[in-house]
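Colleague: I should like a close look at the end of the chain that follows its last listed helix. Please then set that part beside the helix packing and the loops elsewhere in the chain.

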Amino acid sequence: MGENMSKRLKLVTASESEMEERSFPNPFPDWDQGVLTAANSAADSGVGTSEPFDGNGKVSEAFQKKVQNKIKDLLQQMEEGLKTADPHDFSAYTGWTGIALLYLQLHRLTREPSHLQRALDYVKRTLRNLNGRRVTFLCGDAGPLAVGAVVHYKLKNQAESQECLTRLLQLQRSVVSTDSDIPDELLYGRAGYLYALLYINKEIGPNTVDDAVIAKVVGAILESGKNLSKDERKTDRCPLLFAWHKKQYVGAAHGLAGIYYMLMQPGAKVSQEVLNELVRPSIDYVRHKKFRSGNYPSSLSNETDRLVHWCHGAPGVVHMLLMAHKVFKEEKYLKDAVECGEVIWQRGLLRKGYGICHGTAGNGYSFLTLYHATQEKKYLYRACKFAEWCLDYGTHGCRIPDRPYSLFEGMAGAIHYLSDVIQPETSCFPAFEL
Ligand SMILES: [Zn+2]
């Protein structure tokens, strides 16, 4: 009995400590200005505190080379691994559209024609597998159709591109329908369809998708948010409220941050009045849920400060805050975003792996976005350190994700991140940032 008891106690203790240890202690020294001076005197030292900047404060050629070599190596591993991946998974999140997106990214950065050809091969495969079950970019038919339209457009296959676009627009009927039970979040809901439309207009050209279509989708999201807010008697505090599976999530993937972030995109053309009266107070409501650490809860009813993922927590919310800072020009949003940066630096090297949904690469994107917003070298440094962590892919004893080579859970996401770190000015979190 006594022995059993102590065994049980041990089990409880183990699982509790596991809960706390969702991340590795960050082994890197934090940024300080002195690092740059050190780089001046030790430019060729290779590894050391001067990494990754050269004497001019730029990402050093040695570091870039190291990253490029790793990209080549990981791409090979990924291609090998994909041979056993689910041939029917067409999604951007775990399937072939995600791989097509990675090759589009590599083509954007290198202009290497074979990358575009690969993107085409993969996206063609997805277009044969659509099932009409979901409408979003990340998990539904909109992803393959939007990426198909873009790849064909880049290859000047006009008819094929147009066909993808037509099919994409046909999905809007179910998205805007008020009696459908479609949610509003990014992974499975209306915001995830809205992203697909905005992506088309960014990649192919403004007005490829008509403003009227975008306005309808935005209208349906706003309507849904106002309704839930009224039902929950929160119209004063949080005039736009959303739930997924009856839970009011906060993060980028299933929650408020992802939806508000899409509504604030310039391409969504939400009026300044609506932004001021509905979106801004709702963002402020989320801001008040901030933990002392600077992190955010996974849902409004959750009070444990646990997850530091893009999907749940500060690494997703930071994008909303930086966009709010851009749109509303108030310092408080930037201040909160900076706090996100601190907690991500402390707790962002995740045991869950190197992916972008709930992995180190996704958390690294927070620093790239903070770097865009502030132009502070500190954030580029931190982004590079998270990339450095990813250079040792697979050596930290992380959990192996279910789809280990995919864009959002696995290796393709880490490659995407590495490719952005060496050209940080144009970096872009895939299927999310525009
Ligand atoms: Zn996740």
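Modeller: Leaving aside neighbours within four places in sequence, I422 is in contact with V59, Q64, V67 and Q68; two residues are in contact if their C-beta atoms, placed from the backbone, lie within 7 Å. This is a predicted model, in which local features need pLDDT of at least 70 and side-chain atom pairs count only at pLDDT 80 or more, while totals for chains, interfaces and linings use all residues. Residues are numbered from 1 along each chain as its sequence is written.

I422 belongs to the segment after α17; helices are DSSP runs (H or I) of at least four residues and strands are DSSP runs (E) of at least two, numbered from the N terminus. I422 is partly exposed, because 19 other C-beta atoms lie within 10 Å. On this scale a residue is buried if 20 or more other C-beta atoms lie within 10 Å of its own, exposed if 12 or fewer, and partly exposed in between, with C-beta atoms placed from the backbone. A separation of 10.0 Å lies between the C-alpha atoms of I422 and L380, which are 42 residues apart along the chain.

The helix before this segment, α17 (residues 411–421), packs with α16 (residues 377–391) at an angle of about 140 degrees, and their axes are 10 Å apart. Axes are lines fitted to C-alpha atoms, for helices over the stretch in contact, and angles run from 0 to 180 degrees between N-to-C directions. The angle makes α16 oblique to α17, since angles under 35 degrees count as roughly parallel, over 145 as roughly antiparallel, 65 to 115 as roughly perpendicular and the rest as oblique. α16 passes α17 in a left-handed crossing; a crossing is left-handed if the near helix is turned anticlockwise from the far one by less than a right angle, and right-handed if clockwise. From α16, the residues making the contact are A383, C384, A387 and C390, and from α17 they are A414, Y417, L418 and V421. The contact of α16 with α17 comprises eight nonpolar, no polar and no charged residues. In this division Ala, Val, Leu, Ile, Met, Phe, Trp, Tyr, Cys and Pro count as nonpolar, Asp, Glu, Lys and Arg as charged, and the others, Gly among them, as polar.

The loop between α16 and α17 holds Y405. Y405 counts as buried because it has 24 C-beta neighbours inside 10 Å. With neighbours within four places in sequence set aside, the contacts of Y405 are M78, G81, L82, A85, G410, M411 and A412. The C-alpha atoms of Y405 and G143 are separated by 18 Å, with their positions 262 residues apart along the chain.

Two further helix pairs share α11. With α12 (residues 272–287), α11 packs at an angle of about 150 degrees, the axes being 11 Å apart; α11 and α12 are therefore roughly antiparallel. Their crossing is left-handed. L256, A257, Y260 and L263 of α11 meet V279, S282, I283 and V286 of α12, a contact of seven nonpolar, one polar and no charged residues.

α11 (residues 256–263) also packs with α13 (residues 314–328), at an angle of about 30 degrees and with axes 9 Å apart, and these two helices are therefore roughly parallel. α11 passes α13 in a left-handed crossing. A257, G258, Y260 and Y261 of α11 meet G316, V317, H319, M320 and M323 of α13. Six nonpolar, three polar and no charged residues form the contact of α11 with α13.

The loop between α13 and α14 (331–347) contains K329. K329 is not a glycine, although its phi is positive, about 55 degrees. K329 is exposed because 9 other C-beta atoms lie within 10 Å. R111 is likewise a non-glycine residue with a positive phi, about 60 degrees, and is found in the loop between α4 (96–110) and α5 (113–127). R111 counts as exposed, with 9 C-beta neighbours inside 10 Å.

Finally, F28 lies in the loop between α1 (2–20) and α2 (34–41). F28 is partly exposed, with 16 other C-beta atoms within 10 Å. The C-alpha atoms of F28 and R382 are separated by 9.0 Å, although these residues are 354 apart along the chain.
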